[in-house]
Amino acid sequence: MIGVILIATFGCHSAIATGHIEAKLSLSTDPKAPSPATIVVTLTNTGDAPVNVFRWWTPFAAPDGRLPQPVFDLTDDSGKPVRYMGRRVNTGPVRLAHFIQVAPGETLEREVDLTREYDFTRAGWYTVSFDLHLETSLDPERAPLDELGRFVPNAQGVVSTNRIQFLLRSPIPWARRASDEVASLTCDVEQSVDIESARIGARADATRAERFLNTMIYVYEFTGDDFVLTFKPHPRYSRWFGTHDPAEPMPEDPGWGTGNNAQVKRTIETAALRLVNGVISPTCGCSPGYEDTYAWAEDHTPYNIHFCKKFFDAEAEGWDSRRSAVYHEMTHFYDHLLDGRSDYPFITNQESAKNLATTNRSHAVRSALNFEYFVTDTNNKSDTQEP
């Protein structure tokens with residue numbers, strides 16, 4: 001009898017329900033499609049349990065239909081990536097409201113006109129695909145306990161679609177495209193005070209981080225009129241940016257400027273300059289569906305930042321605060337100083353940012369969130385080894 005019970009119990013555990021997402025792309029067959037670069041994204045849960053999809057790295061993010069990030073892998077006929085020109089949405093700490101739950105048997109479908117999001121200034125063939133990241137989870141340090149208890153992680157990791165091609169017979173100059181951005185909304189007095197206070201705080205954090213980084217660079221030796229610089233990384237540097245490469249050129253050396261080491265120094269310096277000299281052009285009040293995000297910006301429009309409700313609800317300073325959000329957004333822009341820093345679909349909290357530093361240094365030194373956390377960490381002085 002005991003053996004029967006054990007067998008029955010084992011059988012029950014082996015039949016645990018799991019969800020399973022299948023994803024595919026197709027070209028739109030709608031004769032009224034806005035452009036030849038209009039594609040259809042389809043997600044289907046073929047499993048027998050719900051799947052939680054982090055919507056802010058999908059085309060299903062918000063009702064306005066705009067992409068929240070460079071969601072697609074898009075290349076031209078030479079294999080070169082096509083520059084993303086759309087929004088980069090800062091969600092802040094990941095919460096339950098950031099997910100769409102796809103029920104068993106349910107299908108989500110969204111038509112996307114890629115010309116609204118990417119730079120199609122040349123004609124030719126283009127290839128597009130999409131990686132759906134299902135490994136995103138709630139922020140264990142910021143999400144409420146009741147949400148952590150209700151959230152069920154997915155069994156799947158990354159789901160990749162098929163690759164499709166389309167032909168653009170004529171270029172579409174970006175400047176000539178019809179604008180459908182949200183109308184500019186004036187910030188009220190209280191919001192303006194919060195934004196300016198956050199900018200001043202972010203400026204102080206940025207200059208402090210620049211000074212701290214420079215304490216790691218010192219003169220090793222003099223040879224006549226020449227000198228040799230060396231770099232002694234602090235644990236906080238390694239935490240967010242990985243292992244400093246001593247083989248790369250130092251400042252003032254030939255070849256300086258393009259390596260991973262240089263990306264860190266140049267970004268820290270550039271963000272400080274932008275916050276000291278730049279003027280933020282704020283918009284307050286994001287489109288419907290953005291209520292659970294901090295802010296968003298388009299990297300080709302320095303220094304216009306759209307501030308959403310959650311930004312004003314956040315703490316004034318510290319981790320995932322208003323001033324850290326301003327710093328984050330200011331790293332995104334392309335200007336005469338530097339190319340914008342990126343967001344990555346799987347980097348959403350401190351632990352994932354630290355893991356990126358140890359597993360993919362090239363991404364870590366180009367990750368807006370890693371720079372935000374480094375600067376916040378420097379302001380908090382969490383290490384005992386403070387110079």
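## Overall architecture

In this predicted model, the chain is built from ten helices and 15 strands. Of its 387 residues, 50% are buried. The accessible surface of the chain amounts to about 18,500 Å², and carbon and sulfur atoms account for 53% of that surface.

Contacts between residues can also be sorted by how far apart the partners lie along the sequence. Among the contacts in the chain with a separation of 6 or more, 73% are between residues that stand 24 or more positions apart.

## The largest pocket

The largest pocket has a volume of about 830 Å³, and 33 residues line this pocket, those closest to its centre being Pro70, Pro81, Arg88, Ser342 and Tyr344. When the lining residues of the largest pocket are divided by chemical character, 15 of them are nonpolar, eight are polar and ten are charged.

Strands also take part in the lining of the largest pocket: β4, which covers residues 72-75, and β8, which covers residues 124-133, each supply at least two residues to it.

## Ala62, a buried loop residue

Ala62 sits in the loop that runs between β3 (51-54) and β4 (72-75). Is this loop residue, Ala62, buried or exposed? Its relative accessible area is 3%, and because a residue counts as buried when this value is under 20%, Ala62 is a buried residue.

The surroundings of Ala62 include residues from distant parts of the sequence, since Ala62 and Gly289 are 227 residues apart in sequence, yet their C-alpha atoms are 5.0 Å apart in space. Leaving aside residues up to four places away in sequence, Ala62 touches Trp56, Arg110, Pro288 and Tyr290.

## Arg322, a buried charged residue

Arg322 belongs to helix α7, which comprises residues 322-330. Arginine is counted among the charged residues, and Arg322 has a relative accessibility of 14%, so that it counts as buried under the cut-off of 20%.

Which backbone oxygen lies 2.7 Å from a polar atom of the side chain of Arg322? The oxygen is that of Ala314, and Ala314 is also one of the residues that Arg322 touches when residues up to four places away in sequence are not counted. The other residues in that list are Asp194, Ala198, Phe311, Phe312, Glu315 and Ala316.

Technical notes:
Residues are numbered from 1 along each chain as its sequence is written. This is a predicted model: local features need pLDDT of at least 70, side-chain atom pairs count only at pLDDT 80 or more; totals for chains, interfaces and linings use all residues. Side-chain values use heavy atoms; hydrogens and water are left out. Helices (H or I, at least four residues) and strands (E, at least two) are DSSP runs, numbered from the N terminus. Buried means under 20% relative accessible area, exposed over 50%, partly exposed in between (1.4 Å probe, protein chains only). Contact means heavy atoms within 4.5 Å. Accessible areas come from the Shrake-Rupley method with a 1.4 Å probe; for residues, only the protein chains shown count as cover. On a 1 Å grid over the protein atoms alone, a cavity is a set of points where a 1.4 Å probe fits but cannot get out, and a pocket is an open set with protein on both sides within 12 Å along at least five of seven lines; lining residues have an atom within 4 Å of a point. Grid points are joined across faces, edges and corners, and a volume is the space filled by probe spheres set on the points. A polar contact is a pair of N or O atoms within 3.5 Å; within protein, one must be able to donate a hydrogen and the other to accept it, and residues adjacent in sequence count only if both atoms are side-chain atoms.
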